[in-house]
Amino acid sequence: MFLLFAFPFFYFLSGIFSRGATAQDGPLEDAFYPPLSLGVGHYSPSPSTKTPALADQHLTTSRPGESFPAYLERLWPARYPQPYFWLTIADSYWIDHGTAHLEHFIRWTLNFEEERKTRLIVLCVDEECMCRAEERGWFAFGGFGAFGEEGKPEMILKHTWPKLKGMIDILASGRDAFFVDSDVYFTRNPYPHMGSLDSYDIQIQEEMIDRQVNTGFLHMKANEGTVALWESVLEIDLQEQGRDQRNINILLDTFSLRVGAGGSTTMDFISATGLKVHVLPKEKFRAYHFEFDRMQYDSTELCYLHMTCADDNNMKDYVAGSSGYWQDVSARYSLPPLLLTSPSFIGSREQIVQQVKILLAAAHYSGRSFLPPTHGFMTDLYPPEVGNPMDAMRYSFSLFPLHELSDVLGEVNITELSYIEHAQSTLLRNALTYPLNAEADLDSLSLLSDIVEIDMRGVVSFKHLVSLLLTKDQVGWWHDGRPAASVDAYVDPADWQISGGEWGFAGRGVVRLVNWNWANGEGGWETWKVPKRVERFVDLCGEVARGPECGQICRPNDIVMERIERGELEQEEWEWQKMEDLE
């Protein structure tokens, strides 16, 4: 009787292990789909640090010399049901930033909600990208750049070739495909907000300019028409180097064919070659350039934020995070750091700069991360220079180059704006979705809710501030329960009470510096000497009076840039000072 029941069980196990060697018994990805690694930090492509099973067997990544159709057939044989394929392009930068958030969203959100799974295939354009994909067990193909540029026409741009050839190859293989830029940051499942994937040849993002479409997010059915469309884009590129988005709009004739009744813009049309096109609703699929003139589309119900309009890659990533579109990559929210923050930046431009210098330096010496307030208000910017007082209020990332200050200063971590709200939302969702980890998530929520304040009226110097942040001893408190900075402040001692025990600031989750407006004048924080490194390299964005524009969210500060280009960052004079040398 035992053998009767045991035989099916052992037969089942033998089937699992026998599928590892080939794809003959099912899609190879079913047998080898490694778990997502939480570690998405910097990774060196040194062969000695690759995960042997992945590096040697190429279970999820392509082999040198392997074509894209062969790679697809090896992992997902055409005779089996296919997942949804999402193609994206990445290099050594994006594999650790937007692409990491995209992979995390697909694996931990989208595939939890959908019975038919989604697989992201990263088209890597350099070796570092492939090495990191191998280490993490991601699906990645390197034949369009990572293994050299053999086969790429000279006229085609490095980051355009994978998209053109990748879409041609996957559609020609009979597989429907999505393409998504790595600067598209998701928070919600897009499938329920799209048209039927079987009803349209093309579904594509709105561009909001001259009735154009944006190729940063699209879905195409595999047929002769869609293959021919991409082949035509390639032919145009071989004659005149350009962006695939421009050529797609020309070939689809979106400017003419999207004219609806009464001159309105239609969301559905048929191209001259007979392709049925559906343009996705802008209320759910948003490009960042809407920010500057169409704030009504800044909805909490968006599926994603496409960072079309930013100064550089770091700014794209930082604004996406500040807008709430980052995932819990590298346990960013699951394991929150101790934070130092301030309710807002308010004052003249000179005063705001001093506040930021103090906060950044204090974060460095206390081992905390700096959480910038969402906005700043420059009291000396109106009315002479601007007519509307509201123009003097800016997002903090339009006041300071927060997207790059961590790299410039070194040893200072700067979170995105509204980090606490984003972390709380993620932790609550995780606690409900993964009950086994709920206790740890609730502990992290408790840390983020442990908020205390230091009253700047009682702080007499920068060194005093740092000592308070590091203290584990008794601290003076106001009678209403708010911790004050020092019992020797210029207030009547009768208004103080002393609280002992564990009321120091060192281990508290969030410390806020408050009452900056009362500390002005002689001896106040405006006159404090701050460490030389922040004094030299922290300043406002360039031409801050002009306000942000598309592609110029934070213009370079010429004075600071000149100092960096002269190599001053590497000079001993501007290194971080020791604690005992602070004033």
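**View 1. The two faces of strand β2 in this predicted model.** Thr118, Leu120, Val122 and Cys124 point one way from β2, while Arg119, Ile121 and Leu123 point the other way. Whichever way they point, these residues are buried. That fits the count for the strand, which spans residues 118–124 and has 7 of its 7 residues buried.

**View 2. From β1 to β2 by way of helix α5.** Strand β1 (residues 84–90) runs parallel to β2, and 7 bridges join the two. To find your bearings, look for Phe85, whose bridge partner in β2 is Arg119. Between these strands the chain passes through helix α5 (residues 98–113), making a right-handed β-α-β crossover.

**View 3. From β2 on to β3.** Here β2 meets strand β3 (residues 139–141), again in parallel, through 3 bridges. Ile121 makes a handy landmark, as it stands opposite Phe139 in β3. The link from β2 to β3 goes through helix α6 (residues 127–136), and this β-α-β crossover is right-handed.

**View 4. An open sheet of 3 strands.** Moving to another part of the chain, we find the strand order β13-β15-β16, with mixed pairing. At the edges are β13 (345–347) and β16 (393–395), each of which pairs on one side only. From one strand to the next, the twist averages 15°.

**View 5. β13, β15 and the helix lying across them.** Strands β13 and β15 (residues 375–378) pair in the parallel sense over 3 bridges, and Gly347 has Met378 in β15 as its bridge partner. Helix α12 (residues 349–366) lies across both strands, running at about 145° to β13.

Technical notes:
Residues are numbered from 1 along each chain as its sequence is written. This is a predicted model: local features need pLDDT of at least 70, side-chain atom pairs count only at pLDDT 80 or more; totals for chains, interfaces and linings use all residues. Side-chain values use heavy atoms; hydrogens and water are left out. Two strands pair if DSSP finds at least two bridges between them. Helices (H or I, at least four residues) and strands (E, at least two) are DSSP runs, numbered from the N terminus. Axes are lines fitted to C-alpha atoms, for helices over the stretch in contact, and angles run from 0 to 180 degrees between N-to-C directions. Contact means heavy atoms within 4.5 Å. Buried means under 20% relative accessible area, exposed over 50%, partly exposed in between (1.4 Å probe, protein chains only). A crossover is right-handed if, with the strands pointing away from the viewer, the path from the first strand over the helix to the second runs clockwise.
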